[in-house]
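Trainee: I'd like to get to know this protein with you. Can we take it step by step?

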Amino acid sequence: MEAVEGKTTFTNYDYKTPYPQPGDYDLWLNEDRNNTLSHDDYSLWIKEKQDRGNKMKGRGTLLMALPKKDQLKFHSYKDAKLLMKAIEKRYGGNKESKKVQRTLLKQQYKNFAGLSSETMDQTFDRLQKLISQLEIQGEVITQEDMNLKLLRSLPSEWKTHALIWRIQTE
């Protein structure tokens, strides 16, 4: 400990900087490369994780839309696309499949959310497509409900704008 003009500073002369030993350079270089790759690929890893989560949610939603007596039959399908094909093949357009599809669409509408990676137009187009599919199934959604759904489903970056628009529509 040293005192300089009323200030105290601490020095530690025992600290040794780790230097690579002969033969360790390749090990340090590879370790540094591995750390760099893991940091660079972090956003890609997050995207892949979100995609896997979305696929699992899609599969779960499909299974929940099935009648309880048939859920066990379709539980072995691990992919939502394969599961949907199996459901279509099994029900072949009868009342049950239409009921399942309607339930699935209602669930998608209920859980609809805008993505921060898409523009407002893209979010609107996705919502409009979903509403069109619901209308084909006989569901009626008013323009006011659709507007409120769109405003409530926008990502957090749009919340201020959505609040102003919501106040103007009321």
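Mentor: Sure, and let's start with a term: a residue is buried under 20% relative accessible area, exposed over 50%, and partly exposed in between. Keep in mind that this is a predicted model.

Trainee: Okay, so is R102 buried, exposed or partly exposed?

Mentor: The relative accessible area of R102 is 27%. Buried needs under 20% and exposed needs over 50%, so R102 comes out as partly exposed.

Trainee: Which residue does the side chain of R102 meet in a salt bridge?

Mentor: R102 sits in helix α5, and its partner is 37 residues away, in the loop between α6 and α7. The closest N-to-O distance given for the pair is 4.0 Å. That partner is itself partly exposed, at 23% relative accessible area, and its name is E139.

Trainee: Which other residue forms a salt bridge with E139, with N and O atoms 3.5 Å apart?

Mentor: Look in helix α5 again, because this pair ties that helix to the loop between α6 and α7, across 33 residues of sequence. The residue counts as partly exposed, at 41% relative accessibility. Salt bridges that share partners join it with R102 and E139 into one network, and it is K106.

Trainee: What about E118, is that one buried or exposed?

Mentor: The side chain of E118 meets R126 in a salt bridge, 3.0 Å from N to O. R126 counts as partly exposed, at 34% relative accessibility. E118 has a relative accessible area of 13%, and the cut-off is under 20%, so E118 is buried.

Trainee: Now K149: which residue has a backbone oxygen 2.9 Å from a polar atom of its side chain?

Mentor: K149 lies in helix α7, residues 143–153. It's buried yet has no salt bridge, and the nearest side chain of opposite charge, D145, is 9.9 Å away. Leaving out residues up to four places away in sequence, K149 touches Y109, K110 and L127. The backbone oxygen in question belongs to Y109.

Trainee: Which helices help cover the buried residues of α7?

Mentor: The buried residues of α7 include M146, L148 and L151, along with K149. What covers them includes three helices: α5, α6 and α8.

Trainee: Last one: how big is the nonpolar surface patch that W158 helps make?

Mentor: W158 is in the loop between α7 and α8, and at 30% relative accessibility it counts as partly exposed. I164 and W165 make the patch together with W158. Its area is about 260 Å².

Note on methods
Residues are numbered from 1 along each chain as its sequence is written. This is a predicted model: local features need pLDDT of at least 70, side-chain atom pairs count only at pLDDT 80 or more; totals for chains, interfaces and linings use all residues. Side-chain values use heavy atoms; hydrogens and water are left out. Helices (H or I, at least four residues) and strands (E, at least two) are DSSP runs, numbered from the N terminus. Buried means under 20% relative accessible area, exposed over 50%, partly exposed in between (1.4 Å probe, protein chains only). Lys and Arg count as positive and Asp and Glu as negative; His and the chain ends are not counted. A polar contact is a pair of N or O atoms within 3.5 Å; within protein, one must be able to donate a hydrogen and the other to accept it, and residues adjacent in sequence count only if both atoms are side-chain atoms. Contact means heavy atoms within 4.5 Å. Patches are made of residues with over 30% relative accessible area and no salt bridge: like charges are joined within 9 Å, nonpolar side chains (Val, Leu, Ile, Met, Phe, Trp, Tyr) within 5 Å. Accessible areas come from the Shrake-Rupley method with a 1.4 Å probe; for residues, only the protein chains shown count as cover.
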